[in-house]
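Q: I should like a close look at a single part of this protein, set in the context of the elements around it. The sequence and structure are shown here.

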Amino acid sequence: MAWAVVLLTLICFPAKAQDKQLFNHLALGISVGMDGVGLELAVPVTPYAQIRAGYAIFPYTFHKVFITDYTVGGYYIPTIPLDYTLWKGGNGKLLLDIFPGKKTGFRITAGVFAGPGNYIHWESDMSNNFPEEEYATRAYTINGFTFSTDVKGYVKADAYMKNWVPYAGLGYGRAVVPGKRLGLSVDLGVLITGGTKIQTYNYVNNPSGEPVVLRSENLISPGGRQLDKGWANRASDWPVLPMLKLSLFYNLF
């Protein structure tokens with residue numbers, strides 16, 4: 001008789017189907033990190049893997065004024081105002097998280113970052129130092145490199161890397177957590193850039209600006225002072241760029 005009761009229970013109350021987590025959930029997240037502020041979407045691909053895709057921008061511009069003793073093209077330049085920001089134009093990402101266990105938070109992440117490639121963008125308003133008729137029409141040479149202003153009198157430079165850059169790192173937390181509304185994710189890894197090229201531009205023969213590579217030896221004042229303290233060479237020679245990011249996800253379904 002007992003077996004009949006058990007059988008009747010199984011028929012009337014069937015076991016809940018197992019969640020295979022195969023593209024059947026979706027989470028929306030916000031992220032803050034060295035790549036800026038962004039939005040991400042995440043889906044599971046079995047309990048052992050998740051895919052994340054997103055886009056981020058850096059919303060803040062820094063300002064600094066350098067005291068110089070340059071004479072450029074016959075014009076004395078007492079100061080150079082400099083505005084700079086990170087990730088100009090923003091950056092997109094596609095990431096694959098691999099988990100060693102069904103419920104573990106630790107993971108290995110691989111993927112790609114994509115964007116214009118301007119990791120750091122500098123602009124200097126030199127319109128008060130050079131006459132307007134020389135904007136984008138006259139090139140100036142300092143310590144072996146040649147540049148010009150653009151049509152508005154600005155000198156621009158970028159720390160430039162490839163448009164598509166591989167990413168590899170470790171992390172903790174799941175973006176998609178079935179049965180829970182919130183998921184917290186921490187990423188620590190590197191962009192494999194192969195080196196970040198520092199370049200300014202010459203607009204005289206190219207309206208879009210002809211890139212001119214900068215090295216630290218080009219950034220020495222007439223008095224012998226190293227203006228960048230060697231950072232241009234370090235950025236050009238170092239093959240990876242560190243990345244740290246914190247994300248908070250809301251599971252939509």
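Leaving aside its neighbours within four places in sequence, with which residues is tryptophan 87 in contact?

A: In this predicted model, tryptophan 87 is in contact with Met34, Asp35, Asn118, Tyr119, Met161, Leu191, Leu241 and Met243, once its neighbours within four places in sequence are left aside.

The nonpolar core comes next. Trp87 belongs to the largest nonpolar core, a set of 32 residues. Within that core, Trp87 is among the residues with the most contacts, together with Val72, Tyr119, Trp122, Phe130, Phe147 and Leu191. Two members of this group, Tyr119 and Leu191, also appear in the list of contacts made by tryptophan 87. Several strands contribute to the core: β4, β5, β8 (118–125), β9 (140–142), β10 (145–147), β11 (154–160), β12 (164–172) and β16 (240–251) each supply at least two of its residues. Apart from this core lies another, of five residues, which include Ala42, Ala175, Val176 and Phe249. In soluble globular proteins, nonpolar side chains tend to be buried together.

Tryptophan 87 also has a place beside a cavity. A search of the whole structure finds one cavity of 30 Å³ or more, and the volume of the largest cavity is about 90 Å³. Its lining consists of 15 residues, and those nearest the centre are Trp87, Asn91, Gly115, Gly117 and Met161. Met161 is thus named both here and among the contacts of tryptophan 87. At least two lining residues come from β7 (106–114), and at least two from β8.

Some of the strands that supply the core also belong to an open sheet. Six strands form this sheet in the order β4-β5-β8-β11-β14-β15, with antiparallel pairing. Its edges are β4 (62–72) and β15 (210–213), each of which pairs on one side only. From one strand to the next, the twist averages 30°. Nine bridges join β4 to β5 (residues 75–86), and these two strands run antiparallel. One of the bridge pairs links valine 72 to tyrosine 75 in β5; Val72 is itself one of the core residues with the most contacts.

A loop residue offers a contrast with the core. Asparagine 128 is located in the loop between β8 and β9. This residue is classed as exposed because its relative accessible area is 75%, where the cut-off for that class is over 50%. Although 26 residues separate asparagine 128 from tyrosine 154 in sequence, their C-alpha atoms are 9.9 Å apart in space.

Technical notes. Residues numbered from 1 in each chain as written. Predicted model: local features only at pLDDT ≥ 70, side-chain atom pairs only at ≥ 80, totals over all residues. Heavy atoms only, no water. Pairing = 2+ DSSP bridges. Helix = DSSP H or I, 4+ residues; strand = E, 2+ residues; numbered from the N terminus. Axes fitted to C-alpha atoms, helices over the stretch in contact; angles between N-to-C directions. Core = buried A, V, L, I, M, F, W, Y, C linked by side-chain atoms within 4.5 Å. Buried < 20%, exposed > 50% of the residue type's maximum accessible area, 1.4 Å probe, protein only. Contact = heavy atoms within 4.5 Å. 1 Å grid on protein atoms, 1.4 Å probe; cavity = no way out; pocket = protein on both sides within 12 Å on 5 of 7 lines; lining within 4 Å. Points joined across faces, edges and corners; volume = space filled by probe spheres on them.
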